[in-house]
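Grab a viewer and a cup of coffee. Below are some exercises to work through with the coordinates open, each with a worked solution.

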Amino acid sequence: MTLHSAIETLREQFGQDSRKVRAGESDAEQIRVKYLGRKGLVAGLFSKMGSIPATDRPAAGQALNELKTYLTGELEKLSNVPAKGEEDKREDMDYTLPGDPFPKGSIHPITQIMEEIKDIFHHLGFSVAYGPEIDTDFYNFEALNFPPNHPARDMQDTFYIGDSVLRTHTSNTQIHHMMEHDPPVKILAPGRVYRHEDISVRSYCLFHQVEGLFVDKAVTMADLKGDLDYFARSLFGERVKTRFRPSYFPFTEPSAEMDVSCIFCGGKGCNICKYAGWLEILGCGMVDPEVFKSVHYDPTVWQGYAFGMGVERIAMLKFGVEDIRLFFEGDVRFLRQF
Ligand code: PHE
């Protein structure tokens, strides 16, 4: 048999085999091995090249290569033939239908701002500390220099549960942390706080605070101002200015409130800053020696600054949200926007 007729026979045989694959009676891989495998029929024909006269060899080689290319292409098509039974399913499928959307969640705006605040203070060397939301009067008030029946307690409308309080600020974490760790201390205390206030556009019975505490041997008001100014510029942009106004907190002396130049009008005056050009952002001050005494730190050796801010207030300013209650309702139409 000439090589030519051998190739013809092989093609015919392949035609029959591929019909079997299409009919689901055989599978493509089996056929591939039979023809193109290392010991397959095509390899068999190649091995006969030696017995072909030298002058005919180039033409024979070309014919065999063509055969191989042809079979490879056909096998490629055959391996895409759906297995029996699968065929019908594919025909039933409407490829023009829209796919199933995978609903993606988003990070709550309050969490986003808390993360951003933590990041900024992380650069200043603060680590994060957590304290309990249900606490005793001692940690929430007394150790923070609110004497019993002192009118300063009225600043914070407190929820009481028996002998416990729902913390009104994250300052309780300062006390827990200092009682458990020797100075120096540099912590950030984020978390939920509770106040028994009338619910309105601007206040809710529950909100979030981030408080900072830095205690070391030579911490001054200048450190406080420098660090908080850096914080304000990192959060609101380089152009923002800060100012400190005298204030009062039982646990800091002196105490201040920090304002930032209005992020909406740049300080010119608008209805958001009520034409003051400034927005109040946080409370701060130098830790009162009485607080150090209650945690057994020597106030003649240690000094510190502390600050505390409401996260909702900052989120409202940054995102332009006008009603604090939106943060607690879990309405996806609101949450999807962040
Ligand atoms: N705890 C204060 C508040 O809730 C904020 C504050 C913290 C002020 C630390 C000064 C220092 O209003």
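The exercises go from aromatic rings to the ligand and then to the strands, and the model behind them is predicted.

**Exercise 1. How is the ring pair of Phe121 and Phe307 classed, and which parts does it tie together?**

Solution.
- Step 1: start with the tally, which comes to 18 aromatic pairs.
- Step 2: take the geometry of this one. The ring centres of Phe121 and Phe307 are 4.8 Å apart and the planes meet at 25°, so the pair is stacked. The cut-offs doing the work here are centres within 6.5 Å and planes under 30 degrees apart.
- Step 3: place the two residues. Phe121 belongs to helix H6 (residues 109-123) and Phe307 to strand E10 (residues 303-310), so the pair ties together parts that are 186 residues apart in sequence.
- Step 4: check the surroundings. Phe121 has 0% relative accessibility and counts as buried; Phe307, at 2%, counts as buried too.

**Exercise 2. Now try Phe126 and Phe214: what kind of aromatic pair do they form?**

Solution.
- Step 1: read off the numbers. The pair is 6.5 Å centre to centre with 65° between the planes, and it is edge-to-face. For that label the planes have to be over 60 degrees apart.
- Step 2: locate the partners. Phe126 sits in the loop between H6 and strand E1 (127-128), while Phe214 sits in strand E6 (residues 206-216), so this pair ties together parts that are 88 residues apart in sequence.
- Step 3: look at exposure. Phe126 and Phe214 are both buried.
- Step 4: zoom out. Ring pairs join Phe121, Phe126, Phe214, Phe231, Tyr305 and Phe307 into a cluster.

**Exercise 3. Which residue lies over the face of Phe214, and which lies over the face of Tyr70?**

Solution.
- Step 1: for Phe214, look for a charged side chain above the ring. Lys186 lies over its face, 4.3 Å from the ring centre.
- Step 2: repeat for Tyr70. Here Arg11 lies over the face, at 4.4 Å from the ring centre.

**Exercise 4. How many residues surround the ligand, and which are the closest?**

Solution.
- Step 1: count the shell. The ligand is surrounded by 13 residues, the closest being His169, Ser171, Arg195, Gln209 and Gly308.
- Step 2: go through the polar atoms. In His169, a polar side-chain atom is 3.1 Å from a nitrogen atom of the ligand. An N or O atom in the side chain of Ser171 is 3.1 Å from a nitrogen atom of the ligand. For Gln209, an N or O atom in the side chain lies 2.8 Å from an oxygen atom of the ligand.
- Step 3: ask about cover. On its own the ligand has 320 Å² of accessible area, and the protein covers 92% of that.

**Exercise 5. Follow the strand pairings from E1 to E10. In which sense do E1 and E5 run, parallel or antiparallel?**

Solution.
- Step 1: begin at E1. E1 and E5 run parallel, joined by 2 bridges, and Val128 has Leu188 in E5 as its bridge partner.
- Step 2: move from E5 to E6. These two pair in the antiparallel sense over 10 bridges. Leu188 is matched with Gly212 in E6, and Gly191 with Gln209 in E6.
- Step 3: carry on to E10. E6 and E10 run antiparallel, with 8 bridges between them; Gly212 stands opposite Phe307 in E10.
- Step 4: test how enclosed the strands are. In E5 (residues 185-194), 8 of the 10 residues are buried, so the strand is largely enclosed by the rest of the structure. In E6 it's 10 of the 11 residues, so this strand is also largely enclosed by the rest of the structure.
- Step 5: finish with one residue of E6, His208. At 12% relative accessibility it counts as buried, and its side chain makes a polar contact of 2.6 Å with the side chain of Glu312.

**Exercise 6. What is the strand order in the open sheet of 3 strands, and which strands stand at the edges?**

Solution.
- Step 1: write down the order. It is E2-E4-E3, with antiparallel pairing.
- Step 2: find the edges. Strand E2 (134-136) and strand E3 (160-161) each have a single partner strand, so one side of each is left without a neighbour in the sheet.
- Step 3: check one pairing. E2 and strand E4 (residues 164-166) run antiparallel and are joined by 3 bridges, with Leu166 in E4 as the bridge partner of Ile134.

How values were computed
Residues numbered from 1 in each chain as written. Predicted model: local features only at pLDDT ≥ 70, side-chain atom pairs only at ≥ 80, totals over all residues. Heavy atoms only, no water. Phe/Tyr/Trp six-rings, centres within 6.5 Å; stacked < 30°, edge-to-face > 60°. Helix = DSSP H or I, 4+ residues; strand = E, 2+ residues; numbered from the N terminus. Buried < 20%, exposed > 50% of the residue type's maximum accessible area, 1.4 Å probe, protein only. Lys NZ or Arg CZ within 6 Å of the ring centre and 35° of its normal. Near = heavy atom within 4 Å. Polar contact = N/O pair within 3.5 Å; in protein donor to acceptor, adjacent residues only side chain to side chain. Areas by Shrake-Rupley, 256 points an atom, 1.4 Å probe, with all protein chains shown as cover. Pairing = 2+ DSSP bridges.
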